[in-house]
Amino acid sequence: MIRLEHINIFVADMQETLDFYRTAFPHWRVRTQGEAEWYGTMRNWLHFGDEYNYLTFNDQGTGDNRDLKTTQLGLAHFAFEVTDIARIIQRLVAAGYAIHKEGAESPFRKNIYFLDPNGFEVEFVEYLSDNPEERNSDD
């Protein structure tokens, strides 16, 4: 078995970042947190998630995130599979987060993109089929 356990990212503002992800995932919690040195820079870190998956946030992030409209090297986006995309959209929009990009039309999935406060593009996808061929199709 292989599964992605966590993603480790640097952020500009820890609280703004937590606010976004708490809105998307109200059942997640801060699992642990602390302070450590990262190549000569002290930073606060925390793990936000559930028992199986989490995001690591590190403060002291500097500079701008990559331009998502280019082929510049770097992270394009990351995605979360969800069971009720409408509720996630409702929570995020009600909290003031704008939809960044609509997903492609498909009879087998719904998806949507938001930008987190650090400029990371976050996709949420709800599959409407359990058939892998349909889920992974270009339709």
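These questions and answers deal with the sheet, two helices and a cavity of a predicted model.

Student: In what order do the four strands of the open sheet lie?

Tutor: The sheet is open and its pairing is mixed. Its edge strands are β5 (78–81) and β6 (99–102), each of which pairs on one side only. From one strand to the next the twist averages 25°. The order of the four strands is β5-β8-β7-β6.

Student: Which residue in β8 stands opposite Phe78?

Tutor: Strand β8 covers residues 121–127, and four bridges join β5 to β8. The two strands run parallel. Opposite Phe78 stands Val122.

Student: Which residues of β5 make up its covered face, and which its uncovered one?

Tutor: In a regular strand, side chains alternate between the two faces of the sheet. In β5 the covered face has Phe78 and Phe80. The uncovered face of β5 has Ala79 and Glu81.

Student: Which strands does helix α1 touch, and what angle does its direction make with that of β8?

Tutor: Helix α1 spans residues 14–24 and packs on the sheet. It touches β5, β7 (109–115) and β8. The angle between the directions of α1 and β8 is about 5°.

Student: Across which strands does helix α2 lie?

Tutor: Helix α2 is formed by residues 85–94. It runs at about 20° to β7. The strands that α2 lies across are β6, β7 and β8.

Student: At what angle do the axes of α1 and α2 cross, and which residues meet?

Tutor: Two packed helices are described by the angle and the distance between their axes. Here the axes of α1 and α2 come within 8 Å and cross at roughly 145°. By class, the contact has four nonpolar, one polar and one charged residues. On the α1 side these are Phe20, Thr23 and Ala24, and they meet Ile88, Arg91 and Leu92 in α2.

Student: How many cavities of 30 Å³ or more does a search of the whole structure find?

Tutor: A probe the size of a water molecule, rolled over the atoms, shows where empty space is left. The largest cavity has a volume of about 30 Å³. The number of cavities of 30 Å³ or more is one.

Student: Which residues line the largest cavity?

Tutor: By class, the lining has five nonpolar, three polar and one charged residues. Phe78 of β5, on the covered face of that strand, is one of the lining residues. The full lining is Asn65, Leu68, Leu75, Ala76, His77, Phe78, Gly119, Phe120 and Glu121.

Notes
Residues are numbered from 1 along each chain as its sequence is written. This is a predicted model: local features need pLDDT of at least 70, side-chain atom pairs count only at pLDDT 80 or more; totals for chains, interfaces and linings use all residues. Side-chain values use heavy atoms; hydrogens and water are left out. Two strands pair if DSSP finds at least two bridges between them. Axes are lines fitted to C-alpha atoms, for helices over the stretch in contact, and angles run from 0 to 180 degrees between N-to-C directions. Contact means heavy atoms within 4.5 Å. On a 1 Å grid over the protein atoms alone, a cavity is a set of points where a 1.4 Å probe fits but cannot get out, and a pocket is an open set with protein on both sides within 12 Å along at least five of seven lines; lining residues have an atom within 4 Å of a point. Grid points are joined across faces, edges and corners, and a volume is the space filled by probe spheres set on the points. Ala, Val, Leu, Ile, Met, Phe, Trp, Tyr, Cys and Pro count as nonpolar, Asp, Glu, Lys and Arg as charged, and the others, Gly among them, as polar. Buried means under 20% relative accessible area, exposed over 50%, partly exposed in between (1.4 Å probe, protein chains only).
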